[in-house]
Amino acid sequence: MKKIYLDNAATTQVRQEVINEMIGVLQNDFGNPSSTHSFGRSAKTILETSRKSVAKLMGCNAQEIIFTANATEATNWILKSAVNDLKVERIITSKVEHHATLYTVKNLQKQFGIEVDYVNILPSGTIDITHLVTLLAKSGKTLVTLMHVNNEIGAVLDIEKVGRICHQHDALFHCDTVQSVGKKEFNLHELPIDFAVASAHKFHGPKGAGFAYVKKGIVLQPFLYGGEQEKGLRAGTEAVHQVAGMAKALELSYEHLVEERQTISDLKSYCEEQLKLNFQEIKVNGSDTFYNILNVLLPFSEEKTAMILFNLDMKGIAVSRGSACQSGSVKPSHVLSEILAEEDLKKPSLRISFSHYNTKEDIDALIDGLKGI
Ligand code: PLP
């Protein structure tokens, strides 16, 4: 049975060139980057060359990139340090953020009593900018944390506009760019963003590698104490092969961006067309969504909700639900809860997310699979 992977917002297949790069580093450059001998220096060179490459592709300076294990770690560090070290008293966020942000903010509220405001979400899945402006009018040192591309529905934030508004109100802007890094051009120095985060496994790189962008001039305190690694901000021996794999993955993503974005956009259009042709009452959740994510509300009965993923999985097709499924129970997605009516929330929604490795045949198989349910 051919297996079909249509869950690329969850994670992506590692490119072969990235695997080769990592194997090369593991075999030949096993030195500790902090060692002063040639083995260490060689590992250090890989680390710093990777940092320069990531920075160049992101449009910032190498000193502004701090390597982490993933985006969750980067977001935890930035938000915690913003409260502890930058004396942020209030965080403005939204209820459709990833849990890496939502739970960190909730924890900071509980631990330090900071004020938290949630900006309203429009039916399209994007934020209500007028409401954001109203919230920003209140006094107090504020940080705004909003995601660029929503991982469940693909709603896109106008980061330029939102960042400008934040800065006009003297608020810091942290943007969760996990779903857009490697899939859209960035020039961080031209964007009104103070902090951004990424995970390599979302752009065909390895798991266990990510980075934080911290704009020059902003001083955060260490996340982990110990050695001098990552300018003393994140102590611990660096995972050189992971970092090298991440840099390679980002380089390849941008090298092939134009053609791969076209391929993926075409696949998404084809999928939407075919779904509408075969299931007339299907509805797309969110509007003007990012080119690799399609979230649809299926015109199936409530009883079928729990079985859909299982049935598709039996056919070798991996997609995910708009609803998080925990140990067999169906809990509505916190994102869809913000934009769907009560009765629609009970019906099955499906998140289909594409990569350049997908083909039209994959989509035909998904449609056949759904027809059989
Ligand atoms: N933010 C968004 C939008 C995501 O999609 C994810 C991963 O699903 C994360 C943050 C967290 O990424 P990681 O689990 O790699 O730390």
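**Aromatic rings in a predicted model**

Phe-279 has a relative accessibility of 9% and therefore counts as buried, since buried means under 20%. This value, like the others described here, comes from a predicted model. The ring that partners Phe-279 belongs to Phe-300, and the two form an edge-to-face aromatic pair, with 5.6 Å from centre to centre and 75° between the planes. The pair links distant parts of the chain, for Phe-279 sits in the loop between α8 (257-278) and β9 (283-284), while Phe-300 sits in the loop between β10 (293-297) and α9 (305-314), 21 residues apart. Phe-300 is buried as well, because its relative accessible area is 11%. Phe-300 also has a charged neighbour, as Lys-304 lies over the face of its ring, at 5.6 Å from the ring centre.

A pair of aromatic rings is described by the distance of the centres and the angle of the planes. The count for this model comes to 3 aromatic pairs. One of them is formed by Phe-30 and Phe-39, whose centres are 5.6 Å apart and whose planes meet at 45°, an arrangement that is called tilted. With 59% relative accessibility, Phe-30 counts as exposed, because the cut-off for that word is over 50%. Phe-39, at 45% relative accessibility, falls between the two cut-offs and so counts as partly exposed.

A lysine is also found over a ring elsewhere in the chain, where Lys-95 lies over the face of Tyr-118, at 5.0 Å from the ring centre.

Definitions and conventions. Residues numbered from 1 in each chain as written. Predicted model: local features only at pLDDT ≥ 70, side-chain atom pairs only at ≥ 80, totals over all residues. Heavy atoms only, no water. Phe/Tyr/Trp six-rings, centres within 6.5 Å; stacked < 30°, edge-to-face > 60°. Buried < 20%, exposed > 50% of the residue type's maximum accessible area, 1.4 Å probe, protein only. Helix = DSSP H or I, 4+ residues; strand = E, 2+ residues; numbered from the N terminus. Lys NZ or Arg CZ within 6 Å of the ring centre and 35° of its normal.
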